[in-house]
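Visitor: I should like to learn how to read a structural model feature by feature. Please give me the general idea each time, and then the case at hand.

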Amino acid sequence: YTKSSRCNPHILRITASKMVKAKKSTVKFVIDCTQPVDDKVLDVASFEKYLHDRIKLNGGKTGVLAASGVVITRDRTKITVAAPSDLQFAKRQLKYLSKRYLKKQQLRDYLRVVAASKNSYEMRYFSISAGDDEEDAEE
């Protein structure tokens with residue numbers, strides 16, 4: 001072998017040590033429930049417990065949030081789910097569980113879950129003003 005064809009072991013050690021020191025990044029997803037909470041239609045505490053009990057990780061297992069590093073926090077009107085980026089937590093699962101919770105609380109006919117941004121969902125009321133315009137036109 002020539003010197004140029006061999007790998008320098010010193011360089012490999014440096015890059016390996018840098019990878020170990022790299023800080024794990026987290027991905028945060030937010031569910032904004034401002035409108036229903038202000039109208040006292042939705043209870044954020046029970047919604048948080050529902051998510052905590054039903055979020056699935058590691059191939060369909062529930063109840064392993066703490067072991068996987070997933071943290072669910074809430075303020076007065078928002079729920080934040082923080083997951084390590086290497087876990088590849090699906091945002092879509094939050095929408096699915098939110099819709100199921102609304103169905104269970106019999107609110108699905110009045111509220112919908114809309115993507116507000118790349119990492120957030122928002123609960124909004126269905127707009128029913130379009131039907132009023134049609135009735136006025138018929139009269």
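**A guided reading of the model**

Guide: Let us begin with a hairpin: strand 6 and strand 7 form one, with two residues between them. Please keep in mind throughout that this is a predicted model.

Visitor: In which sense do strand 6 and strand 7 pair, and over how many bridges?

Guide: The pairing of strand 6 with strand 7 is antiparallel and extends over six bridges. One bridge can be inspected by residue: Ala115 has Tyr121, in strand 7, as its bridge partner. The ring of Tyr121 also has a charged neighbour, since Lys91 lies over its face at 4.6 Å from the ring centre.

Visitor: Where do these strands stand in the chain as a whole?

Guide: The chain contains six helices and seven strands. Read from the N terminus, the order of elements is α-β-α-α-β-β-α-β-β-α-β-β-α.

Visitor: What share of the contacts with a separation of 6 or more joins residues 24 or more positions apart?

Guide: That share is 59%. As for burial, 30% of the 139 residues count as buried. The chain exposes about 10100 Å², of which carbon and sulfur atoms supply 51%.

Visitor: How should one read the interior?

Guide: In soluble globular proteins, nonpolar side chains tend to be buried together. Here the largest nonpolar core has 27 residues, and those that touch the most other members are Leu42, Phe47, Leu51, Ile55, Phe89, Leu94 and Met123. Two or more residues of this core come from each of strand 1 (26-32), helix 3 (44-54), strand 5 (78-84), helix 5 (91-104), strand 6 (111-117) and strand 7 (120-125).

Visitor: Which residues is Leu51 in contact with, leaving aside its neighbours within four places in sequence?

Guide: With those neighbours left aside, Leu51 is in contact with Ile31, Ile72, Ile79, Leu94 and Leu97.

Visitor: How does one describe the packing of aromatic rings?

Guide: A pair of aromatic rings is described by the distance of the centres and the angle of the planes. There are three aromatic pairs in this structure. One of them joins Phe29 and Phe89; it is tilted, with 5.9 Å from centre to centre and 40 degrees between the planes. Phe29 belongs to strand 1 and Phe89 to the loop between strand 5 and helix 5, so this pair ties together parts 60 residues apart in sequence.

Visitor: Are Phe29 and Phe89 buried or exposed?

Guide: Phe29 is buried, at a relative accessible area of 7%, and Phe89 counts as buried at 10%.

Visitor: What are the centre-to-centre distance and plane angle for Phe47 and Tyr101?

Guide: Phe47 and Tyr101 form a tilted pair with 4.9 Å between centres and 35 degrees between planes. Because Phe47 lies in helix 3 and Tyr101 in helix 5, the pair ties together parts that are 54 residues apart in sequence. Phe47 counts as buried at 0% relative accessibility, and Tyr101 is buried at 3%. Ring pairs also bring in Tyr50, so that Phe47, Tyr50 and Tyr101 are linked into a cluster.

Visitor: Which residues does Arg100 contact, its neighbours within four places in sequence left aside?

Guide: Arg100, a residue of helix 5, is in contact with Tyr50 and Arg54 when those neighbours are left aside. The C-alpha atoms of Arg100 and Tyr50 are 9.8 Å apart, although the two residues are 50 apart in sequence. At 40% relative accessibility, Arg100 counts as partly exposed.

Visitor: What can be said of Tyr110?

Guide: Tyr110 is placed in the loop between helix 5 and strand 6. Apart from its neighbours within four places in sequence, Tyr110 is in contact with Arg124, Tyr125 and Phe126. Between Tyr110 and Pro36, 74 residues apart along the chain, the C-alpha separation is 9.8 Å.

Visitor: How should a backbone phi value be read?

Guide: Most residues other than glycine have a negative phi. Asn58 has a positive phi, near 55 degrees, and lies in the loop between strand 2 (56-57) and strand 3 (61-62). Gln88 likewise has a positive phi, near 55 degrees, and is found in the loop between strand 5 and helix 5.

Visitor: Which accessibility class does each belong to, Asn58 and Gln88?

Guide: Asn58 counts as partly exposed at 48% relative accessibility, whereas Gln88 counts as exposed at 71%.

Key. Residues are numbered from 1 along each chain as its sequence is written. This is a predicted model: local features need pLDDT of at least 70, side-chain atom pairs count only at pLDDT 80 or more; totals for chains, interfaces and linings use all residues. Side-chain values use heavy atoms; hydrogens and water are left out. A nonpolar core is a set of buried Ala, Val, Leu, Ile, Met, Phe, Trp, Tyr and Cys residues joined through side-chain atoms within 4.5 Å. Buried means under 20% relative accessible area, exposed over 50%, partly exposed in between (1.4 Å probe, protein chains only). Helices (H or I, at least four residues) and strands (E, at least two) are DSSP runs, numbered from the N terminus. Contact means heavy atoms within 4.5 Å. Accessible areas come from the Shrake-Rupley method with a 1.4 Å probe; for residues, only the protein chains shown count as cover. Rings of Phe, Tyr and Trp (its six-membered ring) pair if their centres lie within 6.5 Å; planes under 30 degrees apart count as stacked, over 60 as edge-to-face and the rest as tilted. A charge sits over a ring if NZ of Lys or CZ of Arg is within 6 Å of the ring centre and within 35 degrees of the ring normal. Two strands pair if DSSP finds at least two bridges between them.
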